[in-house]
Amino acid sequence: IKSVDYDQTNSGYSGQVKYIITLKLVANTLILNHKAYPTQKMPINMVNHMYFNLSQEETILDHVLEIDSSNILALDENMCPTPNRLPVVNTAFDFRTAHNIGQRIRKGHPQFEITRNVDHYYVLEDKKTVTLFDTKTRQALNITTTGDCAVIYLANYFDEKFVNETGKKARNQSAIAVEP
């Protein structure tokens, strides 16, 4: 168990915030708990922004994705979420059942004009899960949250602007971030 206790002061917040972030590894399960204790009411959005690629391939387009969600939040022209829910049924965002990422996003969507690809808030339903699977390596990643949404980001702005951990230039869709 690794716990980080961080007291943030004078960082632009309207009050002080104490964060406690705990990471626990149990068998093959990594459990992350994020807690914030503000001294007064304020918006707080704590997120984990890890990137995943379950294969040695240059993209995650052959991975299979399943998301417990029937709706995404529409984004405005500044990429900010709106209260408008868009049904995912039969769209590029439809991962209600396990589906190949590359095949699904090739459908395109008007929202991609804003984000280049999937970078959206999925409104989670009962199971509150996101599952990623690579058919070649047979590796899987299951993410469960207590939150109401998960942002799914397909690394749409990597554009070979930085070098990844293997020394290669990072490419768009080379990884996925799941941000509960």
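**Exercise 1. Describe the salt bridge that involves Arg-171 and state where its two partners sit.**

Solution. Arg-171 has a relative accessible area of 35%, so this residue is classed as partly exposed. The structure is a predicted model.

Step 1: find the partner. Arg-171 pairs with Glu-58 through a salt bridge, with 2.3 Å from N to O.

Step 2: place both residues. Arg-171 is in the loop between S12 and S13, and Glu-58 is in the loop between S4 and S5. The pair links distant parts of the chain, 113 residues apart.

Step 3: classify the partner. Glu-58 has 43% relative accessibility and is therefore partly exposed.

**Exercise 2. Work out which parts of the chain are tied together by Lys-136 and Glu-57.**

Solution. Step 1: check the distance. The closest N and O atoms of Lys-136 and Glu-57 are 3.8 Å apart, and a salt bridge requires such atoms to be within 4 Å. The pair forms a salt bridge.

Step 2: locate the residues. Lys-136 belongs to the loop between S10 and S11, while Glu-57 belongs to the loop between strand S4 (51–52) and S5, so the pair ties together parts 79 residues apart in sequence.

Step 3: compare with the surface classes. Lys-136 is exposed, at 53% relative accessible area. Glu-57, at 41%, is partly exposed.

Step 4: look for further links. A network of salt bridges joins Glu-57, Asp-62 and Lys-136. For the structure, the count of salt bridges is seven.

**Exercise 3. Decide whether Asp-94 and Asp-134 are buried or exposed, and state what is found for each in terms of salt bridges.**

Solution. Step 1: take Asp-94. Its relative accessibility is 5%, so Asp-94 counts as buried. Asp-94 meets the side chain of Arg-96 in a salt bridge of 2.8 Å, N to O. Arg-96 is partly exposed, with a relative accessible area of 36%.

Step 2: take Asp-134. This residue is found in the loop between strand S10 (129–133) and strand S11 (140–144). Asp-134 is buried yet has no salt bridge.

Step 3: check the distance. The nearest side chain of opposite charge to Asp-134 is Lys-136, 6.2 Å away. The cut-off for a salt bridge is 4 Å.

Step 4: list the contacts. Leaving out residues up to four places away in sequence, Asp-134 touches Leu-54, Ser-55, His-63 and Gln-139.

**Exercise 4. Identify the residues with the most contacts inside the largest nonpolar core, and the elements that supply at least two residues of this core.**

Solution. Step 1: name the residues. The largest nonpolar core has 24 residues, and Leu-65, Tyr-122 and Ile-152 have the most contacts inside it.

Step 2: name the elements. At least two residues of this core come from each of strand S5 (64–67), helix H1 (101–105), strand S9 (119–124), S10, S11, strand S12 (149–153) and strand S13 (176–179).

Step 3: examine one residue. Not counting residues up to four places away in sequence, Ile-152 has contacts that include Leu-65, Ile-67, Tyr-122, Val-130 and Val-178.

Step 4: look for another core. Apart from it lies a core of five residues, among them Tyr-153, Ala-155, Ala-170 and Ala-177.

**Exercise 5. Determine how many disulfides the structure holds, and check Cys-80 and Cys-149.**

Solution. Step 1: give the count. The structure holds zero disulfides.

Step 2: check the distance. For Cys-80, the nearest cysteine sulfur is that of Cys-149, 15 Å away. A disulfide needs the two sulfur atoms to be within 2.5 Å. Cys-149 is likewise in no disulfide.

Step 3: classify both residues. Cys-80 is partly exposed at 36% relative accessibility, and Cys-149 is partly exposed at 23%.

Note on methods: Residues are numbered from 1 along each chain as its sequence is written. This is a predicted model: local features need pLDDT of at least 70, side-chain atom pairs count only at pLDDT 80 or more; totals for chains, interfaces and linings use all residues. Side-chain values use heavy atoms; hydrogens and water are left out. Helices (H or I, at least four residues) and strands (E, at least two) are DSSP runs, numbered from the N terminus. Buried means under 20% relative accessible area, exposed over 50%, partly exposed in between (1.4 Å probe, protein chains only). Lys and Arg count as positive and Asp and Glu as negative; His and the chain ends are not counted. Contact means heavy atoms within 4.5 Å. A nonpolar core is a set of buried Ala, Val, Leu, Ile, Met, Phe, Trp, Tyr and Cys residues joined through side-chain atoms within 4.5 Å.
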